[in-house]
Amino acid sequence: MHQDFDLLIAGGGLAGNCLALALKDTGIKIAIVEANTREQLYASPSGDRALALAAGTVAILDNLNIWQGISQAATAIKQIHVSDRGHFGKVRLSASKENVDALGYVITAREIETHVAKLVAQANIELICPARVAGLMSMHDEVGASIKLNQESSSVTAKLLVGADGGNSSIRKLLEIKQKITEYGQTALITTVKSRLPNNNTAYERFTSSGPLALLPVGPYHCSVIWTKADEDAKALMAGNDSDFLAELQQCFGYRLGELTLTSPKRAFPLTLIRAEKMVSGRVVIIGNAVHQLHPVAGQGFNLGLRDAVQLAGMLANQHEAGKDIGAADFLNSYAKSRQKDHDRTILFTDSVVRIFSNDWLALAAARNLGLTVLDHIPAAKALLARHAMGLAKHMPNLGKR
Ligand SMILES: Cc1cc2nc3c(=O)[nH]c(=O)nc-3n(C[C@H](O)[C@H](O)[C@H](O)COP(=O)(O)OP(=O)(O)OC[C@H]3O[C@@H](n4cnc5c(N)ncnc54)[C@H](O)[C@@H]3O)c2cc1C
């Protein structure tokens, strides 16, 4: 069987589905190829991970009419408390001082993933699922993809193919796009805890000698834990029992929220920084985690991928409306150029946070504590940090309501 579309999106995860939703009323004929069914997506344990959404991300989701369906499941971050274990430095950011309702929001990945998948199913978008893109053929005026649907093979052609198929992207591999990989030798341990004292909508980021620990508020008495440890320590904690895990977590975080209890199973995500060397090849462009997979310490991965999706959607809508080729090389290269600065800045920010704060040399410890303390006393620097955390800093794409 053969089908023809304007736009074929490989991967109906957060980036791919948000791109499709941003384009659903433009007249562009769209198909998404997704490997997992909605039931598999809902049941996936990785859906437990909590995403910290920057205020800029919430504004984008609102423009796309996605936020309205998930806002009730999100917890507002009213304060961010950054501290350094064993040292005196501390920074507090507050929504009221920044004159905003919230510095960001916390929501589980499952809530957003299943909601956007539902919206895609309701829209005029062809969903080819459960299926995988198994091969690509770039031609002069279109791109062909061979698709494995159950045991059957079929082919699809489109003017443009977008690879939004995540960190392990098959599209990136098929195009032989090289990537730069930085191994941190760290693993993120994820779980949820209940606290005896209310969190008062505070997100905690605590830097320890073995890596950062974040507690993100989920409702008044629960927090999602993202605890980054050296690989061997993480392995030992995963192999041990829950009470030993909890005792070490409590010791690391302290008692500012009283006694903690575990309310979900612990999970491990090994961490790497992966960056593709280019975003465009022929009539194919890659977005989201397929281009950049970041350490979750600064909570930037989805925020960055969503900015890819809306920037590309805005440019595609204009190109289509002008009757021009949406897969033209100069057009795709101008998209890639428009995303470069935001990628560089966000990757540098995330990588620097990991490197500076997972190092316990005495001088560095002193410097970073000085940094945190100085930051707490210079309102302008603090406001800048808050703007970065909220995702409202420069290089954000233009978000006109469609
Ligand atoms: C522990 C942890 C905490 C995080 N915390 C935050 C946070 O606080 N804030 C934040 O912004 N980000 C955070 N992130 C990052 C965020 O989860 C990712 O950036 C985001 O989910 C990536 O979306 P994506 O759509 O690019 O890729 P994915 O979510 O990986 O989606 C890819 C999709 O493609 C499908 N697929 C794969 N291969 C194929 C194929 N060959 N054919 C068809 N379909 C295919 C998959 O089934 C999947 O649905 C965190 C990540 C982790 C691991």
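Me: Buried means under 20% relative accessible area, exposed over 50%, and partly exposed in between (1.4 Å probe, protein chains only). What makes Tyr 204 buried?

Reply: Its relative accessible area is 11%. That is under 20%, so Tyr 204 is buried. The model is predicted: local features need pLDDT of at least 70 and side-chain atom pairs 80 or more, while totals for chains, interfaces and linings use all residues. Residues are numbered from 1 along each chain as its sequence is written, and side-chain values use heavy atoms, with hydrogens and water left out.

Me: How many aromatic pairs does a search of the whole structure find?

Reply: Three. One of them joins Tyr 204 and Phe 253, with 5.2 Å between centres and 85° between planes. Tyr 204 belongs to strand β13 (residues 202-208) and Phe 253 to helix α7 (residues 242-253), 49 residues apart. Helices (H or I, at least four residues) and strands (E, at least two) are DSSP runs, numbered from the N terminus.

Me: Why is the pair of Tyr 204 and Phe 253 called edge-to-face?

Reply: Ring centres of Phe, Tyr or Trp (its six-membered ring) must lie within 6.5 Å; planes under 30 degrees apart are stacked, over 60 edge-to-face, the rest tilted. The centre distance of 5.2 Å passes, and 85° is over 60, so the pair is edge-to-face. Phe 253 has 2% relative accessibility and therefore counts as buried.

Me: What describes the pair of Trp 227 and Phe 245?

Reply: This pair is edge-to-face too, at 5.4 Å centre to centre and 75° between the planes. Trp 227 lies in strand β15 (residues 222-230) and Phe 245 in α7, so parts 18 residues apart in sequence are tied together. Both Trp 227 and Phe 245 are buried.

Me: How do you know that the charged end of Lys 266 sits over the ring of Phe 245?

Reply: NZ of Lys or CZ of Arg must be within 6 Å of the ring centre and within 35 degrees of the ring normal. For Lys 266 the distance is 5.8 Å. Lys 29 sits likewise over the ring of Phe 5, at 5.2 Å from its centre.

Me: Which residues around the ligand come nearest?

Reply: Ala 15, Glu 34, Ala 52, Asn 289 and Phe 302, out of 30 around the ligand. Such a residue has a heavy atom within 4 Å. The shell holds 14 nonpolar, 12 polar and four charged residues.

Me: What makes Phe 302 a polar contact of the ligand?

Reply: A polar contact is a pair of N or O atoms within 3.5 Å. A polar backbone atom of Phe 302 is 2.8 Å from a ligand oxygen, so the pair qualifies. Leu 14 does this at 3.1 Å, also through a backbone atom and a ligand oxygen. A backbone N or O atom of Ala 35 lies 3.3 Å from a ligand nitrogen. Alone, the ligand exposes 1000 Å², and the protein buries 88% of that.

Me: Why does Asn 150 count as exposed?

Reply: Its relative accessibility is 58%, which is over 50%, so Asn 150 is exposed. Asn 150 lies in the loop between β10 (143-149) and β11 (152-163). Its phi is near 50°, a positive value in a residue other than glycine.

Me: What about Asn 201: which class does its relative accessible area give?

Reply: The value is 26%, between the two cut-offs, so Asn 201 is partly exposed. Asn 201 has a positive phi of about 55° although it is not a glycine. Its place is the loop between β12 (179-195) and β13.

Note on methods
Polar contact = N/O pair within 3.5 Å; in protein donor to acceptor, adjacent residues only side chain to side chain. Areas by Shrake-Rupley, 256 points an atom, 1.4 Å probe, with all protein chains shown as cover. Nonpolar A, V, L, I, M, F, W, Y, C, P; charged D, E, K, R; others polar.
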